[in-house]
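Please read the following points with the sequence and the model side by side. They are meant for someone who has not yet looked at this structure.

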Amino acid sequence: MKENMKKYSGGELNELYDILKHIGALCDNDLFVEKASVYKGDVVVDGDLTADFFEGDVDFALIDGNLIVNGDINPDEETFPNLLILGNLSGNNLQNGEELVAISGNLNIKNMIYATYNSGGLKVDGKTTAQFLINHDHWLIMPNVEVAYKILPYNDEQMDDAIQYNMLKSDFIEKLHPNYLIDGDDIDMPHLIQDIKEGKEIFK
């Protein structure tokens with residue numbers, strides 16, 4: 001067990017932290033927590049952040065400080081807990097799926113934020129920075145987005161999430177390198193995501 005980490009029941013966690021104040025907008029203020037891990041102070045992860053980091057059967061993790069990941073952040077795993085960070089989150093790439101992730105500070109990502117799956121959500125109270133933001137039917141709450149490419153790869157209309165996307169489906173496919181297209185207009189998303197993570201050029 002990490003020295004700065006303690007485990008709590010959901011009831012104990014709610015006595016210590018008002019978690020719905022931060023994450024409630026992603027779950028209609030209705031979130032059941034059975035077991036939680038709380039990390040006091042800044043946390044540095046050397047390598048990728050995966051479910052294994054959280055050491056055991058927990059369904060919620062709280063970082064009471066900044067979370068600095070020297071690698072990729074991969075919540076899109078079956079056993080990854082819902083995550084609340086009372087500080088900033090930084091890393092190379094962030095792929096978020098059906099988990100809820102709330103950040104009270106800034107989200108600083110070097111390359112790409114890939115948000116996919118319609119039952120999860122990502123909320124950032126501060127500023128969000130990255131090169132790419134790719135949203136595939138995901139709930140995002142981000143009031144301050146500084147991202148070069150804000151992409152809806154499967155939508156030809158803006159989403160109702162207050163983010164002004166600058167590439168919708170038709171425009172994105174037109175600019176995308178043909179190597180990432182199947183039968184002309186179907187995107188090979190795993191190939192595309194991997195190349196963005198590696199910093200490769202994806203446009204013609």
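1. A residue is called buried here if its relative accessible area is under 20%, exposed if over 50%, and partly exposed in between, with a 1.4 Å probe and protein chains only. The structure is a predicted model, in which local features need pLDDT of at least 70 and side-chain atom pairs count only at pLDDT 80 or more, while totals for chains, interfaces and linings use all residues. Residues are numbered from 1 along each chain as its sequence is written, and side-chain values use heavy atoms, with hydrogens and water left out.

2. Y180 is a convenient place to begin, since this residue is buried, with a relative accessible area of 5%. It lies in the loop between α3 and β14 (181–182), where helices (H or I, at least four residues) and strands (E, at least two) are DSSP runs numbered from the N terminus. Contact means heavy atoms within 4.5 Å, and, leaving aside neighbours within four places in sequence, Y180 is in contact with D186, I187, D188, H191, L192, D195, E201 and I202. One of these, H191, is 11 residues from Y180 in sequence, and the two C-alpha atoms are 6.8 Å apart in space. The side chain of Y180 also makes a polar contact with the side chain of D195, at 2.7 Å; a polar contact is a pair of N or O atoms within 3.5 Å, where within protein one must be able to donate a hydrogen and the other to accept it, and residues adjacent in sequence count only if both atoms are side-chain atoms.

3. D195 leads on to helix α4 (residues 189–197), whose buried residues are M189, L192, I193, D195, I196 and K197. Which elements do the buried residues of α4 pack against? They pack against β7, β9 (107–116), β11 (127–136), α3 and β15 (186–187). The helix is followed by G199, whose phi is positive, near 80 degrees.

4. N93 has its place in strand β7 (residues 89–96) and counts as buried at 2% relative accessibility. The side chain of N93 reaches the backbone nitrogen of M112 at 3.2 Å. Apart from neighbours within four places in sequence, N93 is in contact with G71, D72, I73, I109, N111, M112 and K197, and the last of these, K197, is among the buried residues of α4.

5. Several strands can then be followed through their pairings, two strands being paired if DSSP finds at least two bridges between them. Strand β4 (residues 60–64) is joined to β6 by 4 bridges, and the two run parallel, with A61 standing opposite L83 in β6. Strand β6 (residues 82–85) in turn pairs with β8 in the parallel sense over 3 bridges, with L84 opposite A102 in β8. Finally, β8 and strand β10 (residues 121–124) pair in the parallel sense over 4 bridges, and here V101 stands opposite L122 in β10.

6. The side chains of two of these strands deserve a separate look. From β6, N82 and L84 point one way and L83 and I85 the other way, and all are buried. From strand β8 (residues 100–103), L100 and A102 point one way and V101 and I103 the other way, and again all are buried. In the loop between β5 (67–70) and β6 sits F80, which counts as buried at 4% relative accessibility. The C-alpha atoms of F80 and E98, 18 residues apart along the chain, are separated by 9.3 Å.

7. Two loop residues should be checked for their backbone angles. Most residues other than glycine have a negative phi. Phi of N29 is nevertheless positive, near 55 degrees; N29 is found in the loop between α2 (19–23) and β2 (35–40) and is exposed, with a relative accessible area of 51%. Phi of A162 is positive too, near 70 degrees; A162 is found in the loop between β13 (144–151) and α3 (169–175) and is exposed, with a relative accessible area of 80%.
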